[in-house]
Amino acid sequence: MTASKQQFLDNPLGRETTLDDVLDAFELLDDWEERYAYIIDLGKQLPDFPDDERVEENYVHGCQSQVWLIHHFDEDSDRLYLLIDSDAMIVRGLAAIILVALNGKAPRDLLTTDVDELFEQLDLFRHISPTRGNGLRAMVGKIRDIAARQVA
């Protein structure tokens, strides 16, 4: 089953769960064990990803785990909606953080969002493996490529 427009619009990440929610949670949690648990819980909010979309075209290269990303551009609202899935729980959580920051934005706004600054604020790169960091950058890179195509 291919993703419907409604599946993209119903994604709570970036809409019901906001960037401020994530930043507040990270501030309240005392140690990285609790933060990892929170990241994994965020990943559980990812909507179902259609099995038939797990194809090479949607595969995110550069990730240690298997990661797929699809999008829907809504011309009426000039918004880009995203769905991401992974076979690894921590990566699903990291993908959820990306969605909280980027999902449902206008492509131009998405391109000017400083995701690296967000990762710095959350101190993610010091607490995840270099290969996971590369995977985060690969996901963001693919999203930026999609947004750039919409702007062009």
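The protein chain contains seven helices and two strands. The model is predicted. Read along the sequence, the elements come in the order α-α-α-β-β-α-α-α-α. The points below cover overall dimensions, a charged surface patch, two loop residues with positive phi, and one residue of the last helix in that order.

**Overall dimensions and burial**

- The protein chain has 152 residues and a radius of gyration of 14 Å, which agrees with the value near 15 Å for a compact globule of that length.
- Along the principal axes, the C-alpha trace of the protein chain spans about 40 × 25 × 25 Å.
- Of the 152 residues in the protein chain, 49% are buried; the cut-off for buried is under 20% relative accessible area.

**Negative surface patch**

- D20, D21, D24 and E27 form a negative patch on the surface.
- One of these residues, D20, belongs to helix α2, which covers residues 19-28.
- D20 has a relative accessible area of 52%, so it counts as exposed, the cut-off for that class being over 50%.

**Loop residues with positive phi**

- Most residues other than glycine have a negative phi.
- D78 is not a glycine, yet its phi is positive, at about 55°.
- D78 sits in the loop that links β1 (67-74) and β2 (79-86).
- The relative accessibility of D78 is 37%, and D78 is therefore classed as partly exposed.
- D123 is also a residue other than glycine with a positive phi, in this case near 60°.
- The loop that holds D123 runs between α6 (115-122) and α7 (130-151).
- D123 is partly exposed because its relative accessibility is 22%; a residue is buried under 20% and exposed over 50%, with partly exposed in between.

**R149 in helix α7**

- R149 is part of helix α7, the helix that spans residues 130-151.
- With a relative accessibility of 55%, R149 counts as exposed.
- R149 and P107 are 42 residues apart along the chain, and their C-alpha atoms are separated by 8.8 Å.

**Recap by residue**

- D20 in helix α2 is exposed at 52%, and R149 in helix α7 is exposed at 55%.
- D78, in the loop between β1 and β2, is partly exposed at 37%, and D123, in the loop between α6 and α7, is partly exposed at 22%.

Note on methods. Residues numbered from 1 in each chain as written. Predicted model: local features only at pLDDT ≥ 70, side-chain atom pairs only at ≥ 80, totals over all residues. Heavy atoms only, no water. Patch = residues over 30% accessible without salt bridge, like charges linked within 9 Å, V, L, I, M, F, W, Y side chains within 5 Å. Areas by Shrake-Rupley, 256 points an atom, 1.4 Å probe, with all protein chains shown as cover. Salt bridge = Lys/Arg side-chain N within 4 Å of Asp/Glu carboxyl O. Lys, Arg positive; Asp, Glu negative; His and termini not counted. Charge placed at Lys NZ, Arg CZ, Asp CG, Glu CD. Helix = DSSP H or I, 4+ residues; strand = E, 2+ residues; numbered from the N terminus. Buried < 20%, exposed > 50% of the residue type's maximum accessible area, 1.4 Å probe, protein only. Rg over C-alpha atoms; globule rule 2.2 N^0.38 Å.
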